[in-house]
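Please find below my notes on this model, set out as numbered points. I have kept to what can be followed residue by residue.

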Amino acid sequence: MNKLIPAIKVKNLNFYYDTQKILEGVSMEIYQSKVTAIIGPSGCGKSTFIKCLNRMCELEGEAHVEGKVEFFNQNIYERRINLNRLRRQVSMVLPKPNLFPLSVYDNVAYGVKIVGWRPKVELDEIIESAIKEADLWDEVKNKLHKSALELSAGQQQRLCIARTLAVKPKILLMDEPCFGLDPIASMKVETLIQSLRLRSELTMVIISHNLQQVARISDFTAFFHTNENRIGQIVEFGTTKKMFSNPIDSRTRDYVFARLP
Ligand code: ADP
Ligand code: MG
């Protein structure tokens, strides 16, 4: 394997909503241009953890953070951080497509326009290339000015990914991106992630309960679990190959081996 460069270093992260501790002592690195999967039972803090990586956790409640999250060596919890810029660079795709009641084109243009004005031709190019990157162009090129909400659920999810790609994030966080999709739509999202993995420099973090999918698309896996006080922790981290064939911790073994053929 080539030399691994950490894009994010999480150092001893404790996270609370109000006074309730949700995550404890989480330390891990997210490597540049690699796919890192976060797995673990429901309620162990996976979604909360990835929201800590771009401070979206602060949009959900009275968030309190201890420890550090360094994005290319800068602690994102420092005061002088520009949150809009951070969330463009470390961008999140949610389990359910959250498009605006606008056209396909305007949904993808939305984030790009916030960043700054661009001439129409340039905007057209950015939008076309983002939709192509999201493997959706052939399906929507004749519907660019129709409502995005008329697309199928799977197409909407790939459009959400296109919208994110249009602002050129460095890191793409995906929280169960195939949630609720049928197997065919789910496979299309997976194929898209796989093609981004092979042809781009993008760093990706994906939460998934589908371990066969995780095995196919990720380079590294982190297994999270709650401790005896029901606080989320990272139990084990390693290459996906190692985590799925020869994990060290018995909790990882129990979880992984029960879900793989
Ligand atoms: P997972 O994604 O692994 O299922 P979550 O990160 O969604 O887990 O949740 C971890 C814990 O944090 C759960 O106990 C959940 O109830 C709690 N939690 C999640 N979001 C909030 C919130 N906005 N306010 C308070 N508690 C929350
Ligand atoms: Mg979740």
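1. Setting aside its neighbours within four places in sequence, G40 is in contact with K46, H209, F223, F224 and Y255. The residue sits in the loop between β3 (35-39) and α1 (46-52), and with a relative accessible area of 0% G40 is buried. A further distance can be given for orientation: G40 and S218 lie 178 residues apart in sequence, while their C-alpha atoms are 15 Å apart in space. As the model is a predicted one, these contacts and distances should be read as properties of the prediction.

2. The next point concerns the cysteines. A search of the whole structure finds zero disulfides. C52 is in no disulfide, and the nearest cysteine sulfur, which belongs to C57, is 4.1 Å away; because a disulfide requires a pair of cysteine sulfur atoms within 2.5 Å, that pair does not qualify. C52 is also buried, its relative accessible area being 0%. For C160, which likewise is in no disulfide, the nearest cysteine sulfur is that of C178, at 13 Å. C160 counts as buried too, at 3% relative accessibility.

3. How do helix α3 and helix α4 cross, and at roughly what angle? The axes of α3 (residues 104-115) and α4 (residues 120-133) come within 10 Å and cross at roughly 110°, which means that α3 is roughly perpendicular to α4. The crossing of these two helices is right-handed. On the α3 side the contact is made by V104, Y105, V108, A109, V112 and K113, and on the α4 side by K120, L123, D124, I126, I127, A130 and I131. Divided by class, the residues of this contact are 10 nonpolar, no polar and three charged.

4. Helix α3 also packs against helix α6 (residues 153-165), here at an angle of about 35° and with the axes 7 Å apart. The crossing in which α3 passes α6 is right-handed. The residues that meet are V104, N107 and V108 in α3 and L159, A162 and R163 in α6, and by class this contact has four nonpolar, one polar and one charged residues. A reader following the α3 side may note that V104 and V108 take part in the contact with α6 and are also among the α3 residues in the contact with α4.

5. The remaining pair among these helices is α4 with α6, whose axes come within 8 Å and cross at roughly 130°; the two helices are therefore oblique to each other. Their crossing is right-handed. In this contact A130, I131 and E133 of α4 meet L159, A162 and L165 of α6, and the residues divide into five nonpolar, no polar and one charged. On the α6 side, L159 and A162 take part here and also in the contact with α3, while on the α4 side A130 and I131 take part here and also in the contact with α3.

6. Two backbone conformations deserve a look during inspection. N73 has a positive phi of about 70° although it is not a glycine; this residue is found in the loop between β4 (63-71) and β5, and at 63% relative accessibility N73 counts as exposed. D135, which is not a glycine either, has a positive phi of about 55°. The place of D135 is in the loop between α4 and α5 (137-140), and with a relative accessible area of 31% D135 is partly exposed.

7. Finally, is N75 buried or exposed? At 13% relative accessibility N75 counts as buried, and the residue is found in strand β5 (residues 74-75). Not counting residues up to four places away in sequence, N75 touches K68, V69, E70 and I81. The C-alpha atoms of N75 and G180, which are 105 residues apart along the chain, are separated by 35 Å. Read beside the preceding point, N75 in β5 is buried, whereas N73, in the loop between β4 and β5, is exposed.

Key
Residues are numbered from 1 along each chain as its sequence is written. Chains are lettered from A and ligands numbered from 1 in the order in which they are written. This is a predicted model: local features need pLDDT of at least 70, side-chain atom pairs count only at pLDDT 80 or more; totals for chains, interfaces and linings use all residues. Side-chain values use heavy atoms; hydrogens and water are left out. Buried means under 20% relative accessible area, exposed over 50%, partly exposed in between (1.4 Å probe, protein chains only). Axes are lines fitted to C-alpha atoms, for helices over the stretch in contact, and angles run from 0 to 180 degrees between N-to-C directions. Helices (H or I, at least four residues) and strands (E, at least two) are DSSP runs, numbered from the N terminus. Angles under 35 degrees count as roughly parallel, over 145 as roughly antiparallel, 65 to 115 as roughly perpendicular and the rest as oblique. A crossing is left-handed if the near helix is turned anticlockwise from the far one by less than a right angle, and right-handed if clockwise. Contact means heavy atoms within 4.5 Å. Ala, Val, Leu, Ile, Met, Phe, Trp, Tyr, Cys and Pro count as nonpolar, Asp, Glu, Lys and Arg as charged, and the others, Gly among them, as polar.
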